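Me: I'd like to practise reading a fold from the whole chain down to a single residue. Could you take me through one?

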Amino acid sequence: METALTWLARLAERRDGPEWQRLVDTYAPLLAAWAARAGVPPADRDDVAQDVLLVLVREIGTFEHRGPGSFRGWLRAILLNRVRARAVGRDGRERGFGGSDALARFNELADPSSALS
C-alpha cells in the first residue's frame with residue numbers, strides 16, 4: 001500500500017473532514033495489528049492506535065517523505081514511542097504492560113526488516 005503524497009498534503013492543510021476519516025479507516029487497523037504483534041494486550045490496542053492518530057493530527061505537517069514506505073515507518077515510530085510511554089513509567093520502571101518481554105518485542109517492531117514489522 002502506497003500513501004499518496006497529495007493525500008498527506010490535504011491532511012496537513014485541513015485537520016477535519018472525510019480525508020481524516022479515510023486515514024482512520026485505512027491506518028487504525030494496521031496500527032492495531034502492529035500493536036498486537038508487539039504483544040500489546042487486546043484491551044489496550046485501540047487506545048494505542050488512537051494515541052498514534054492523535055499525535056498524527058498534531059504532527060502531520062512535520063512529516064518528511066523520504067521514499068517508499070516512509071509514512072508507514074513514521075507511523076511505526078510514533079506507535080513505538082506511545083507503546084513505550086505506556087510500558088515504562090516516568091520513573092523508568094517497566095509497568096508489566098504486555099508481559100515481561102514486551103520492550104524487546106517493541107524494539108523488534110522498530111526494525112523494518114524484522115518478522116514483527
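Me: What percentage of the 117 residues of the chain count as buried?

Reply: Keep in mind that this is a predicted model. Of the chain's 117 residues, 39% count as buried. The exposed surface comes to about 6600 Å², with carbon and sulfur atoms supplying 50% of it.

Me: How many helices and strands does the chain have?

Reply: There are five helices and zero strands, so the pattern along the sequence reads α-α-α-α-α. For contacts, look at sequence separation: among those between residues at least 6 apart, 54% join residues at least 24 apart.

Me: Let's pick one helix. What does α3 reach from its first C-alpha to its last?

Reply: A helix can be checked by setting its reach against the value expected at 1.5 Å a residue. Helix α3 has 18 residues and reaches 26 Å, close to the 26 Å expected.

Me: Which residues of α3 are buried, and what do they pack against?

Reply: The buried ones are Asp44, Val48, Ala49, Asp51, Val52, Leu53, Val55 and Leu56. The buried residues of α3 pack against α2 (18-37) and α4 (70-87).

Me: Asp51 caught my eye. Why is Asp51 called buried?

Reply: Compare the relative accessible area with the cut-off: buried means under 20%. Asp51, which lies in helix α3 (residues 42-59), counts as buried because its relative accessible area is 17%.

Me: And which residues is Asp51 in contact with, leaving aside its neighbours within four places in sequence?

Reply: With those neighbours set aside, Asp51 is in contact with Arg82 and Arg86.

Note on methods. Residues are numbered from 1 along each chain as its sequence is written. This is a predicted model: local features need pLDDT of at least 70, side-chain atom pairs count only at pLDDT 80 or more; totals for chains, interfaces and linings use all residues. Side-chain values use heavy atoms; hydrogens and water are left out. Helices (H or I, at least four residues) and strands (E, at least two) are DSSP runs, numbered from the N terminus. Buried means under 20% relative accessible area, exposed over 50%, partly exposed in between (1.4 Å probe, protein chains only). Contact means heavy atoms within 4.5 Å. The expected span of a helix is 1.5 Å times one less than its number of residues. Accessible areas come from the Shrake-Rupley method with a 1.4 Å probe; for residues, only the protein chains shown count as cover.
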